[in-house]
Amino acid sequence: MAEPATAHAQHPHNGAGHDHAHHDEGFFKKYLWSTDHKMIGFQYLFTGMLMAIIGGYFAYAFRMQLAYPGASVPGYGAVSPSDYLMLVTNHGTIMIFWVAMPVLIAAFGNFLIPLMIGCDDMVFPRLNRLSYQLFLLSAIVLLISFFVPNGGFSGAWTAYPPLSSQAAYHLTPLGAPLWLLAVALEFVAFLIGGINFVTTVMNSRAPGMTPMRIPMVVWMIVIASILFMASVGPLVAGAVLLLFDQVLGTHVYDPNHGGDPLLWQHLFWFFGHPEVYVVLLPAMGIVAEIITVFARKKLFAYKTVLYTAIATGIISFFVWAHHQFVAGIDPRMANIFTVTTLIISIPIAEMVFVYLATLIGGSIRFTTPMLWALGFLGAFLIGGVTGIFLGSSGSDIYFHDTYFVVAHFHFTFFPIAFIGSFAAITYWFPKMFGRMMNETLGKIHFWGTILPVNGIFLPLFLAGLAGDHRRIYSYMNFPDSAKPFLQDLRIMATISLCVLIAFQFVFLYNFITSLLRGPKASKNPWNANTLEWTAESPPPHGNFAEMPTVHRGPYEYGMPGRDQDFWPQNAAN
Amino acid sequence: MQKPIATTRSMAGLPTGRLAVWWVIASEIVIFGGLLVSYIMHRLGHPEWGGYASHTNTWAGAFNTLVLLSSSLAAVLAHQAAEHGDGKKAASLLRLTCLGGLLFLCVKGFEWSHEIHQGFVLSTNGFWSFYYTAAGLHALHVIAGMIIMLVVSADAAKGRELQRVELIGIYWHFVDIVWIFLFPLLYIAK
């Protein structure tokens, strides 16, 4: 990592009792066995970026197969039906559990929480290290599962039994248990990390950092961690039972032997739907930080955003069965879950409106992070609005398991996992690595990403409306689906994906060259208020030369009667 | 590794360790909660499971309940000793708690070997799957608690980290309470 050697010499001896011995650690201790929250954040970030490349490669392979069935895919080869199922299954698994979670929550949670609340580390630094190590182990187990005999798990990322519970159906006797083990390990890693986050924010805030002065992104990560903690437990238990079904011959999910396959759907979605908000809320928090800084305005209705986020979290536990409208649930239950699902769109819409109100009348600067933040709102809006159709049981019965669903959740997850992450990376890059990113390349990357995303998923809405079922290997086998119009939509989506992937190299180039040769960043290049910008860029071990005291909220921009249009949280006056 | 300042602050008014233990327990509650609710829903749908449950040894289960609850008394006394700064006494009381856990596991081993000999194994039917999974997960928690307790007592005997005596006690009470739910659900309801 690009911590320049000179930074060590300049690093002021701080009152926290940290001596320079910390900086003489060897490579292993500094980068791989570190207990420093910033380094652990980087570990999560780079692991997540690596997994994103793998997940993107999988998407490329199966989308090429859909556009050009049977053709040999450049860089992959021919995609067999079992390959195809393995690719879609693990694309979904990787993008949600090994990209969105580690980058948005773990990487930025680790990096930002201690800096933003004004302390020197997490309350449990070694537990934090353990959390990453378990996460790394889970990633390795998942990667191994692709290379075992019969290949990786191919029962879809939702792993519905009985397809997922018996090797006779899913045909991957080794891949399936390894996949399940990897997911379970990943859950444990994030449980440990989440407990650490929540405890840190509760107990280790700087003096004066009252609850209503905590930056919104920290609140969002805390709420997300609690949501995760409260929702993942039943699925951990359910995953153990599924593992027993797979390898020990139990029949918990097997209807032929008194089991109940629907039990898994309940356990999975009881976790799975809150999980959407587990990743959405941190992204929303990141956007809140960025739009206030680049609109030079106070966040409109801080408390409303906070209470809205908490309400979203609570309601998210009562919507899960909207994934099961076609699973034979009682229509009266379907009514209830339709209503709760429509209700949950209200707080999210409220948040978007609050952000728009923050922008109105602001002195907006269209920097790269600001473009990403605005792009997030626009793209997520499409995802949110199309969700209304799927949350209503009447229309969902038609749309269920079509590409409409695929397009819908990609319009939610792509903004969350990628647009949100790019916003965060471009915004905090100066603080993380002490150097500025190239704005021109950043803007090229932004437009090269945001336009192709629409090019991928807008056609898929149409394909879904026309009835394209997801998880089909080749539509050429179905005369109704093989029509030229539908195939053109699929080809357009695939070409857009290739364009999208090509533009990611611009990002990688920008990231690496800025890391090595970018202009040095000052302490506070964006003139922001939150505490992380009062530390050195990059912050040394121990973060602050003098532990800060907080005097005001995080969004005091453009206050009348002051020389500067910002007012750092720790400035005495 | 030096202790960060973060570990010494207490904005919420609770010691950090105790706060974290409560969060651990919160996450454990939903794990066991999910498992037990799944079991109860199955149980309601399968009246015949009552017949399978009649093969469990209620007296052994009752004895284990007594053992586990009594061991918690020693954990409470250990906490009291730690409060008074008596690390040696706290350590020996924690080891006594561990003995309770060991006795619990021995009875469990006796029960399970008897049941397995009778042909009731994990894959026999749904009831036995849940029986072994739920009780096994609980037993893993007992074992984990015992290991942590031995580590804590080794420190406490030297007068170090005495606050941890309370923390492992809270966890041990939680393990008790889970058993109080498991015992009627798996042994008494027939």
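This report describes a predicted model with chains A and B, taking each chain, a helix pair, the nonpolar core and the contact between the chains in turn.

## Chain A as a whole

Chain A contains 16 helices and 2 strands, and its C-alpha atoms occupy a box of roughly 70 × 50 × 45 Å along the principal axes. A compact globule of 573 residues would be expected to have a radius of gyration near 25 Å, and because chain A has 24 Å, its value agrees with that expectation.

Of the 573 residues of chain A, 56% count as buried. When the contacts of chain A are restricted to residues at least 6 apart in sequence, 82% of them join residues at least 24 apart.

## The nonpolar core

The largest nonpolar core has 236 residues, and those with the most contacts inside it are A:Ala100, A:Val218, A:Val287 and A:Ala423. The element that gives the most to this core is helix H4 of chain A, residues 81–117, with 25 residues.

The surroundings of A:Ala423 can be listed in detail. Once its neighbours within four places in sequence are set aside, A:Ala423 is in contact with A:Ile286, A:Val287, A:Ile290, A:Pro369, A:Trp372, A:Ala373 and A:Phe376; among these partners is A:Val287, which is itself listed with the residues that have the most contacts inside the core.

## Helices H14 and H15 of chain A

Helix H14 of chain A, residues 403–433, and helix H15 of chain A, residues 439–465, have axes that come within 8 Å and cross at roughly 170°. Because angles over 145 degrees count as roughly antiparallel, H14(A) is therefore roughly antiparallel to H15(A). On the side of H14(A), the contact is made by A:Tyr403, A:Phe404, A:Val405, A:Val406, A:Ala407, A:His410, A:Phe411, A:Phe414 and A:Thr426. On the side of H15(A), the residues are A:Gly442, A:Val453, A:Phe457, A:Leu460, A:Phe461, A:Ala463, A:Gly464 and A:Leu465.

Sorted by class, this contact of H14(A) with H15(A) comprises 13 nonpolar and 4 polar residues, with no charged residues.

## The contact between chains A and B

The contact between the two chains takes 42 residues from chain A and 31 residues from chain B. On the side of chain A that touches chain B, at least two residues each are supplied by helix H7 (175–203), helix H8 (216–247) and helix H9 (261–295) of chain A, and H8(A) gives the most to this side, with 10 residues.

In terms of residue class, the side of chain A that touches chain B divides into 24 nonpolar, 14 polar and 4 charged residues.

## Chain B

Chain B has 6 helices and 0 strands, so that, read from the N terminus on, its elements run α-α-α-α-α-α. Its C-alpha trace spans about 55 × 30 × 25 Å along the principal axes, and buried residues make up 41% of the 190 residues in the chain. Among the contacts in chain B with a separation of 6 or more, 79% are between residues 24 or more positions apart.

One residue of chain B, B:Phe181, lies in helix H6 of that chain, residues 163–188. B:Phe181 counts as partly exposed because it has 14 C-beta neighbours inside 10 Å, whereas a buried residue would need 20 or more and an exposed one would have 12 or fewer. B:Phe181 and B:Ile5 are 176 residues apart in sequence, and their C-alpha atoms are 40 Å apart in space.

Notes
Residues numbered from 1 in each chain as written. Chains lettered and ligands numbered in written order. Predicted model: local features only at pLDDT ≥ 70, side-chain atom pairs only at ≥ 80, totals over all residues. Axes fitted to C-alpha atoms, helices over the stretch in contact; angles between N-to-C directions. Helix = DSSP H or I, 4+ residues; strand = E, 2+ residues; numbered from the N terminus. Parallel < 35°, antiparallel > 145°, perpendicular 65-115°, else oblique. Contact = placed C-beta atoms within 7 Å. Nonpolar A, V, L, I, M, F, W, Y, C, P; charged D, E, K, R; others polar. Core = buried A, V, L, I, M, F, W, Y, C linked by C-beta atoms within 7 Å. Rg over C-alpha atoms; globule rule 2.2 N^0.38 Å.
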